[in-house]
Amino acid sequence: MLKTVVFFYIKLRRYIMKKSILFAVLTTVALSAPIAFADDAHHPEQDKKAAPAKSSKTAGAADKQTDMQMDQMQEQMKKMQAQMEKIRKTTDPKERQKLMQQHMQSMNEGMKMMRGMCGDMKGAAA
């Protein structure tokens, strides 16, 4: 009798395991189907916004300008980091205040530079 109960218990466990695996696989397939069959045909406004192809001269000039702007920003960041290092090292409150003012001015210059970059990007996209 005990052998029969154990036998049916093992069969039941295997059946449940097979059904659980099958359920997991079917759920995964069902949930991934919308991703696989996604279609952008119902977004026609994105096609209109697509940027026209640039000539190689224009693209090369834009790349050089971007590289130059990035170099300027990196120099600005180095300058501000050096200023912060001086601020940390100084013990005189008046000197620290003077250095903080210089640092704030450098930050404002950096923000102006970044706004200019963003303006250039907006102008290029239009």
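This is a short tour of a predicted model, moving from the whole chain to single residues.

**Whole chain.** Start with a cartoon view. The protein has 4 helices and 0 strands, and the order from the N terminus is α-α-α-α. Switch to a surface view: about 11,300 Å² is exposed, and carbon and sulfur atoms supply 64% of that area. Of the 126 residues, 10% count as buried. As for contacts with a separation of 6 or more, 58% are between residues 24 or more positions apart.

**Helix H1.** Select residues 2–36, which form helix H1, and find Val-6 there. Val-6 counts as partly exposed because its relative accessibility is 40%. Now add Leu-2, Tyr-9 and Ile-10 to the selection: with Val-6 they make a nonpolar surface patch of about 400 Å².

**Helix H3, acidic patch.** Move to helix H3, residues 56–89, and pick Glu-75 in it. Show Asp-63, Asp-67 and Asp-71 as well; together with Glu-75 these side chains gather in a patch of negative charge on the surface.

**Helix H3, salt bridges.** The count of salt bridges in the model is 3. Select Glu-85, Arg-88 and Lys-89, which are linked in a network of salt bridges. Glu-85 meets Arg-88 at 3.1 Å, N to O; the two lie in helix H3, 3 residues apart, about one turn of the helix. Glu-85 also pairs with Lys-89, with the closest N and O atoms 3.9 Å apart. Glu-85 and Lys-89 are about one helical turn apart, because 4 residues separate them in helix H3. Colour the three by accessibility: Glu-85 is partly exposed at 35%, Arg-88 is exposed at 56%, and Lys-89 is exposed at 62%.

**From H3 to H4.** Next select Lys-79 and Glu-109. They form a salt bridge in which the closest N and O atoms are 3.7 Å apart. This pair links distant parts of the chain, with Lys-79 in helix H3 and Glu-109 in helix H4, 30 residues apart. Glu-109 is partly exposed, with a relative accessible area of 33%, and Lys-79 is partly exposed too, at 38%.

**Helix H4.** Finish at His-103, in helix H4 (residues 93–125). Is His-103 buried or exposed? His-103 counts as buried because its relative accessibility is 9%, and buried means under 20%. Which residues does His-103 contact, leaving aside neighbours within four places in sequence? Select Met-80, Gln-83, Met-84 and Ile-87 to see them around His-103.

Key. Residues are numbered from 1 along each chain as its sequence is written. This is a predicted model: local features need pLDDT of at least 70, side-chain atom pairs count only at pLDDT 80 or more; totals for chains, interfaces and linings use all residues. Side-chain values use heavy atoms; hydrogens and water are left out. Patches are made of residues with over 30% relative accessible area and no salt bridge: like charges are joined within 9 Å, nonpolar side chains (Val, Leu, Ile, Met, Phe, Trp, Tyr) within 5 Å. Accessible areas come from the Shrake-Rupley method with a 1.4 Å probe; for residues, only the protein chains shown count as cover. A salt bridge is a side-chain nitrogen of Lys or Arg within 4 Å of a carboxyl oxygen of Asp or Glu. Lys and Arg count as positive and Asp and Glu as negative; His and the chain ends are not counted. The place of a charge is taken as NZ of Lys, CZ of Arg, CG of Asp or CD of Glu. Buried means under 20% relative accessible area, exposed over 50%, partly exposed in between (1.4 Å probe, protein chains only). Contact means heavy atoms within 4.5 Å.
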